[in-house]
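The following exercises concern aromatic ring pairs, one helix and one residue of a protein model. Each task is followed by a worked solution.

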Amino acid sequence: MTNPLRPVPVNPASLPAPRGYSHGTLSGNTLYLGGQTALDADMKIVPGGIVEQFRQAFGNVLTTLAAAGGVPADLVSVTIHLTDIPDYQAHGREIGAVWRELAGPVYPAMAGLGTTALWQPEAMIEILGVAVIPDDRLVRPAD
């Protein structure tokens, strides 16, 4: 019998294949969403600035969430790592509009942290989170 609390990787086929990490890890009903930068399907950071990078990175998070049966309202915590906090703040209204477009008006507990660099040199943002998905929607990937 499979242990429902044993961590299982969640790696949607529509995201770049991970090497040395998982896009998400499901344990019970809790999905730990690995840090997502603005990588597109071609493994390139999207151009255009912080708003476009936010859209791509958050979209990648939501893609992983959906692969486990989750919806944005299931997010309980989101952490955003930024290489330029003033740039993010200057575009806050636009980023907020993107959030509402992709996730609706509900906001989980959140933190924004400044950092000097991210894994990809051109990345300006990395988003990770935690979601709790109800049993009636939970999709547990095959072990």
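**Exercise 1. Determine whether Val-139 is buried, partly exposed or exposed, and locate its surroundings.**

Solution. Relative accessible area is classed as buried under 20%, exposed over 50% and partly exposed in between, with a 1.4 Å probe and protein chains only. Val-139 has 42% relative accessibility and is therefore partly exposed. The model is predicted: local features need pLDDT of at least 70, side-chain atom pairs count only at pLDDT 80 or more, and totals for chains, interfaces and linings use all residues. Residues are numbered from 1 along each chain as its sequence is written, and side-chain values use heavy atoms, without hydrogens and water.

Next, Val-139 is placed in the segment after strand S6 (125-132); helices (H or I, at least four residues) and strands (E, at least two) are DSSP runs, numbered from the N terminus. Leaving aside residues up to four places away in sequence, Val-139 touches Leu-26, Ala-67, Ala-68 and Gly-69, where contact means heavy atoms within 4.5 Å. Finally, the C-alpha atoms of Val-139 and Gly-70 are 8.2 Å apart, although 69 residues separate the two in sequence.

**Exercise 2. Classify the ring pairs that involve Trp-99 and Phe-58 or Tyr-107.**

Solution. Rings of Phe, Tyr and Trp (its six-membered ring) pair if their centres lie within 6.5 Å; planes under 30 degrees apart count as stacked, over 60 as edge-to-face and the rest as tilted. This rule yields three aromatic pairs. For Phe-58 and Trp-99, the centres are 4.3 Å apart and the planes meet at 15°, so the pair is stacked. That pair joins helix H1 (residues 50-67), which holds Phe-58, to helix H3 (residues 92-103), which holds Trp-99, across 41 residues. For Trp-99 and Tyr-107, a centre distance of 5.4 Å and a plane angle of 20° also make the pair stacked.

As to accessibility, Phe-58 is buried at 0% and Trp-99 is buried at 3%, whereas Tyr-107 is partly exposed at 41%. Ring pairs link Phe-54, Phe-58, Trp-99 and Tyr-107 into a cluster.

**Exercise 3. State which residues of H3 are buried and what covers them.**

Solution. The buried residues of H3 are Ile-95, Gly-96, Val-98, Trp-99 and Ala-103. Viewed down the axis of H3, they fall within an arc of 160° and so line one face of the helix; the arc is that of the directions from the helix axis to the C-beta atoms. Arg-93 and Glu-101, on the other side of H3, are exposed. The cover over the buried residues includes H1, strand S4 (75-82), helix H2 (85-90) and strand S5 (109-114). After H3 comes Gly-104, with a positive phi near 85°.
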